[in-house]
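Got the model open in your viewer? Here is a short walk through it, one selection at a time.

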Amino acid sequence: MNGSMQTDIALGFTPMDDIHEEFLALSAALQRASDAELTAQLALMEAHLKTHFGQEDAWMAQTAFPPRDCHIQEHAAVLASVHEVRLLLAQGNVQVCRDLARALAEWFPGHATHLDSALAHWMCKQRFGAKPLVFRPGKLTSA
């Protein structure tokens, strides 16, 4: 797993948190993949992203999430990049796939923190009438 990969990305909206955990696992697998495994791992990532982004886009559309356009456009741009890399990988360009794997790992924490957290907040307000709560264990320090 990439050292910059954020692993504690819980936002307090369980359906989204579950999708994000799956993304993190697939991202790690794509980064670790051998050259021979890249095509299959990239296909799994692309399928996941279509489902992942499709679900978030649907939540935004169904609930009239106010800042949805920017979020949906970012999803579309990532999917377009993944599709383009898949075509280049099929032509033997392994490095572009490795670059994408690293870029996805670096992109995701910011996306989750800035765009997805607002959507998680919105979804919890819509469903439960309250903001999401996320409990993170603190570091214990000796006195």
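Start by selecting Arg86 and Glu46: they form a salt bridge, and the closest N and O atoms are 2.5 Å apart. (A salt bridge here is a side-chain nitrogen of Lys or Arg within 4 Å of a carboxyl oxygen of Asp or Glu.) Arg86 sits in helix 3 and Glu46 in helix 2, so this pair ties together parts that are 40 residues apart in sequence. Helices are DSSP runs of H or I, at least four residues, numbered from the N terminus.

Before moving on, a word on what you are looking at: this is a predicted model, where local features need pLDDT of at least 70 and side-chain atom pairs count only at pLDDT 80 or more, while totals for chains, interfaces and linings use all residues. Residues are numbered from 1 along each chain as its sequence is written, and side-chain values use heavy atoms, with hydrogens and water left out.

Now colour that pair by accessibility. Glu46 is buried, at 6% relative accessible area, whereas Arg86 is partly exposed at 32%. (Buried means under 20% relative accessible area, exposed over 50%, and partly exposed in between, with a 1.4 Å probe and protein chains only.)

Next, select all of helix 3, residues 68-90. Its 23 residues should span 33 Å at 1.5 Å a residue, and its end C-alpha atoms are 33 Å apart, which agrees. The expected span is 1.5 Å times one less than the number of residues. Which residues of helix 3 are buried? Show the side chains of His71, His75, Val78, Val82, Val85 and Leu89. The buried residues of this helix pack against helix 2 (38-62) and helix 4 (94-128); contact means heavy atoms within 4.5 Å. Just after helix 3, click on Gly92, whose phi is positive, near 100 degrees.

How many salt bridges does a search of the whole structure find? Three, so two stops remain. Go to Arg98 and Asp35, whose side chains meet in a salt bridge at 2.7 Å, N to O. This pair links distant parts of the chain, with Arg98 in helix 4 and Asp35 in the loop between helix 1 (14-32) and helix 2, 63 residues apart. Arg98 is partly exposed at 22% relative accessible area, and Asp35 is also partly exposed, at 48%.

Finally, stay in helix 4 and pick Asp99 and Arg102, which lie three residues apart there, about one turn of the helix. Their side chains meet in a salt bridge at 2.9 Å, N to O. Asp99 is partly exposed at 30% relative accessibility, and Arg102 is partly exposed at 38%.

Conventions: Helices (H or I, at least four residues) and strands (E, at least two) are DSSP runs, numbered from the N terminus.
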